[in-house]
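Have the sequence and the 3D view open side by side. This report walks through helices, cores, rings and a few backbone angles.

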Amino acid sequence: RPGLPAGEVWVVQEAVAGASLEEKLEQIRRTMEKNGANGFFLSKLDDIMWTMNIRGCDVECNPVALSYLYVSEKETILFIQSKALNEKVREVLEKKGVRVEEYSHVLKFFEQLTEKQRILVDKRYCSYAFYKVLQNGQELVEAKNPTELLKAVKNPTELRNMQDIYLKDSLAVTRFIYW
């Protein structure tokens with residue numbers, strides 16, 4: 001069996017994203033609090049990339065990197081293949097207070113949690129294996145993934161960037177049709 005893809009990960013600048021990692025984590029933590037959870041497990045790749053303001057190339061035609069994210073009241077842990085991160089990305093994540101762990105250590109991490117947590121989980125996007133591991137040692141709070149709604153509501157920067165890209169796309173289509 002071939003190894004997992006581990007393409008290079010890069011950082012999306014705040015000027016493009018329109019919101020910082022800290023702002024996004026603050027919104028997620030508020031949603032956790034509303035649901036009575038003190039942890040949040042995220043396995044949906046596009047939501048992880050949006051939250052962390054990073055992109056990758058592990059899945060063809062999708063700017064995502066294989067990863068998992070765990071957000072607690074006090075810390076943020078990104079489980080990702082270390083070989084996919086260059087020094088610049090590591091430095092940015094470290095400055096933002098994100099702890100980086102190896103992708104393959106995620107199950108072990110949850111199995112070894114000593115203090116019982118109330119972990120927010122969206123069953124629609126959590127595999128059976130993870131659900132069972134989390135269920136065995138933790139109290140699960142089943143709710144919708146908070147990043148879906150946060151991602152759906154576009155900030156002014158995202159709206160402006162969408163307009164710009166639609167203009168560029170329209171120009172390319174017009175040139176093609178003319179050709």
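How many aromatic pairs does the count come to? The count comes to ten aromatic pairs. Keep in mind that the model is predicted.

**Rings**

Start with one of these pairs. Tyr 70 and Phe 110 meet edge-to-face, with 5.3 Å centre to centre and 85 degrees between the planes. Tyr 70 belongs to strand S4 and Phe 110 to helix H5 (residues 106-111), so this pair ties together parts that are 40 residues apart in sequence. Both Tyr 70 and Phe 110 are buried. They also belong to a cluster linked by ring pairs; among its members are Phe 41, Tyr 68, Phe 79 and Phe 130.

Rings also meet charges here. The charged end of Lys 24 sits over the ring of Trp 50, 4.2 Å from its centre. Lys 44 lies over the face of Tyr 125, at 4.5 Å from the ring centre.

**Helix H2**

Now turn to helix H2 (residues 21-34). Does its length agree with what a helix should span, and what are the numbers? At 1.5 Å a residue, its 14 residues should span 20 Å, and the end C-alpha atoms are 20 Å apart, which agrees. Its buried residues are Leu 21, Lys 24, Leu 25, Ile 28 and Met 32. Seen down the axis of H2, they fall within an arc of 95 degrees, so they line one face of the helix. The face turned away from this buried side carries the exposed residues Glu 33 and Lys 34. Lys 24, then, is a buried residue of H2 with its charged end over the ring of Trp 50.

**Helix H3**

Helix H3 (residues 45-52) is mostly covered, with six of its eight residues buried. Those six are Asp 47, Ile 48, Met 49, Trp 50, Thr 51 and Met 52.

**Cores**

The largest nonpolar core has 27 residues, and Val 9, Met 52 and Leu 78 touch the most other members. Elements giving two or more residues to this core are H2, strand S2 (39-42), H3, strand S4 (67-72), strand S5 (76-80) and helix H4 (87-95). H2 gives the most, with four residues.

Which residues does Met 52 contact, leaving aside its neighbours within four places in sequence? They are Leu 21, Leu 69, Thr 76, Leu 78, Leu 93 and Val 98. There is also a second, separate core of 18 residues, which includes Tyr 70, Ile 77, Phe 109 and Val 121.

**Positive phi angles**

Most residues other than glycine have a negative phi. The table lists residues with a positive phi.

| Residue | Phi | Place |
|---|---|---|
| Gly 36 | near 70 degrees | follows H2 |
| Asn 53 | about 55 degrees | loop between H3 and strand S3 (54-55) |
| Cys 61 | about 65 degrees | loop between S3 and S4 |

Asn 53 and Cys 61 have a positive phi although neither is a glycine. Is each one buried or exposed? Asn 53 counts as buried, at 6% relative accessibility. Cys 61 is exposed, with a relative accessible area of 75%.

How values were computed:
Residues numbered from 1 in each chain as written. Predicted model: local features only at pLDDT ≥ 70, side-chain atom pairs only at ≥ 80, totals over all residues. Heavy atoms only, no water. Expected span 1.5 Å × (residues − 1). Buried < 20%, exposed > 50% of the residue type's maximum accessible area, 1.4 Å probe, protein only. Arc of directions from axis to C-beta. Core = buried A, V, L, I, M, F, W, Y, C linked by side-chain atoms within 4.5 Å. Contact = heavy atoms within 4.5 Å. Phe/Tyr/Trp six-rings, centres within 6.5 Å; stacked < 30°, edge-to-face > 60°. Lys NZ or Arg CZ within 6 Å of the ring centre and 35° of its normal.
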